[in-house]
Amino acid sequence: MNNLIDKLSRKHNLSYDELYFLVKNSTKESSNYLFEKARLISNQSYGYDIYMRGLIELTNHCKNDCYYCGIRKSNRNAERYRLTKEQILECCNAGYKLGFRTFVLQGGEDFYYNDDIMADIVSTIRTTYPDCAITLSLGEKNYNSYKMLHNAGADRYLLRHETANNDHYSKLHPSTLSLRNRKKCLYNLKEIGYQVGCGFMVGSPFQTIECIVEDLIFIKKLKPHMVGIGPFIPSKDTPFADKKAGTLQMTLIVLSIIRLMLPEVLLPATTALGTIHPKGRELGILAGANVVMPNLSPKDVRKKYMLYDNKICTKDEAAECRTCLQKRIENIGYKLVVSRGDCKYI
Ligand code: SAH
């Protein structure tokens with residue numbers, strides 16, 4: 001097993017069968033070796049710097065009905081909200097003072113924010129904070145909408161592919177959504193010139209080891225600038241309410257393999273990882289992650305952006321999150337930096 005891990009650290013790639021073996025047969029001991037190698041590569045690429053992104057959850061209205069997601073259209077119990085342009089700018093203002101140089105606008109697929117409204121929000125942030133990166137995570141759009149938002153000043157786009165296996169995709173989503181379109185969106189975003197993030201949930205219902213290996217191979221081929229990986233966590237009021245959550249161990253294994261496959265990729269230790277284990281985000285960093293994404297959303301809407309149950313940090317102010325994360329990160333010998341935190345290979 002350690003030979004395989006050495007080979008992956010040297011070549012940044014493995015065959016399907018080798019990846020399958022690695023994911024399937026990882027033991028506690030071998031995975032510690034894997035994490036150590038991933039940490040080393042992460043240190044070579046980014047030192048001990050951890051980049052932060054301020055997450056602004058602008059809407060929980062969504063036209064889609066993904067079976068895993070707490071803000072899916074059919075969830076009648078979700079209390080819906082939208083942030084106004086002024087509220088969004090206030091979040092950026094508070095975030096800027098706290099040292100954030102990347103704002104991530106994330107939300108459900110909400111018709112209210114049409115291209116004109118969104119482009120206006122983006123261009124106002126662009127002119128107010130010329131030294132900041134603007135990341136969007138607003139789901140699937142057509143080429144021209146992505147292009148318009150890029151022209152308005154958005155630099156990056158996060159669109160998790162969710163799973164690279166067609167069958168699996170259809171077990172997580174209604175038939176109105178397709179993997180083919182999701183992938184097309186990712187390639188369009190790349191072509192337009194965005195820094196692109198894909199990713200998936202570890203331990204989502206019906207995921208097999210084959211699915212994970214296909215995800216890894218897809219990610220290697222797409223060569224994104226970012227990869228968002230977190231455990232699946234069941235959400236009440238969804239069809240998957242009674243399914244099991246993904247594990248800490250498997251999430252860390254996947255994170256570290258991605259770090260070894262793409263040495264310079266930006267890899268967040270996600271809020272979901274922090275939700276399934278009190279030290280989840282720290283362990284993520286120690287397995288090769290180099291980004292954290294604390295919440296900048298107004299306190300009164302935080303509880304409403306519930307993609308999954310028991311989400312952490314829904315009661316804290318942005319400043320509290322910032323201080324708490326800084327302490328956590330310093331405790332493991334890393335530092336939070338004030339920087340846009342661009343990917344090394346753009
Ligand atoms: N509407 C946007 C943003 C989705 S929310 C889009 O389509 O990209 C961001 C991510 O949260 C999703 O891509 C999904 O991978 C994750 N997520 C949703 N429900 C989840 C759950 N129950 N557990 C863990 N992660 C979840």
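Helix H8 spans what its length predicts: its 14 residues should cover 20 Å at 1.5 Å a residue, and its end C-alpha atoms do sit 20 Å apart. The expected span here is 1.5 Å times one less than the number of residues, and helices (H or I, at least four residues) and strands (E, at least two) are DSSP runs numbered from the N terminus. The model is a predicted one, in which local features need pLDDT of at least 70 and side-chain atom pairs count only at pLDDT 80 or more, while totals for chains, interfaces and linings use all residues. Residues are numbered from 1 along each chain as its sequence is written, and side-chain values use heavy atoms, leaving out hydrogens and water.

Buried residues of H8 (under 20% relative accessible area, with exposed meaning over 50% and partly exposed in between; 1.4 Å probe, protein chains only) are Leu-179, Arg-182, Cys-185, Leu-186, Asn-188, Leu-189 and Ile-192. An α-helix has 3.6 residues a turn, so residues three or four places apart point the same way. Among the elements covering this buried set, by contact (heavy atoms within 4.5 Å), are helix H6 (143-152), strand E5 (156-158), H7, E6 and H9. Right after H8 comes Gly-193, with a positive phi near 115°.

Helix H9 (residues 209-222) also has 14 residues, and its 20 Å reach from first C-alpha to last is close to the 20 Å expected. Its buried residues are Cys-211, Ile-212, Val-213, Asp-215, Leu-216, Phe-218, Ile-219 and Leu-222. They pack against several elements, including helix H2 (16-25), helix H8 (179-192), strand E7 (226-231) and helix H10 (248-261). Lys-223, which follows H9, has a positive phi near 50°.

Turning to the ligand, 18 residues surround it, and Tyr-68, Gly-107, Arg-160, Glu-162 and Ile-233 come nearest; a residue counts as near if one of its heavy atoms lies within 4 Å. A backbone N or O atom of Gly-107 lies 2.9 Å from a ligand nitrogen. On the oxygen side, a polar side-chain atom of Arg-160 is 2.9 Å from a ligand oxygen, and an N or O atom in the side chain of Glu-162 is 2.5 Å from a ligand oxygen. The protein covers 91% of the 550 Å² of accessible area that the ligand has on its own, by the Shrake-Rupley method with a 1.4 Å probe.

Two loop residues other than glycine also have positive phi. Asp-237, near 65°, is in the loop between E7 and H10 and counts as partly exposed because its relative accessibility is 34%. Asn-310, near 60°, lies between helix H13 (299-302) and helix H14 (318-331) and is exposed at 65%.

Conventions. Polar contact = N/O pair within 3.5 Å; in protein donor to acceptor, adjacent residues only side chain to side chain.
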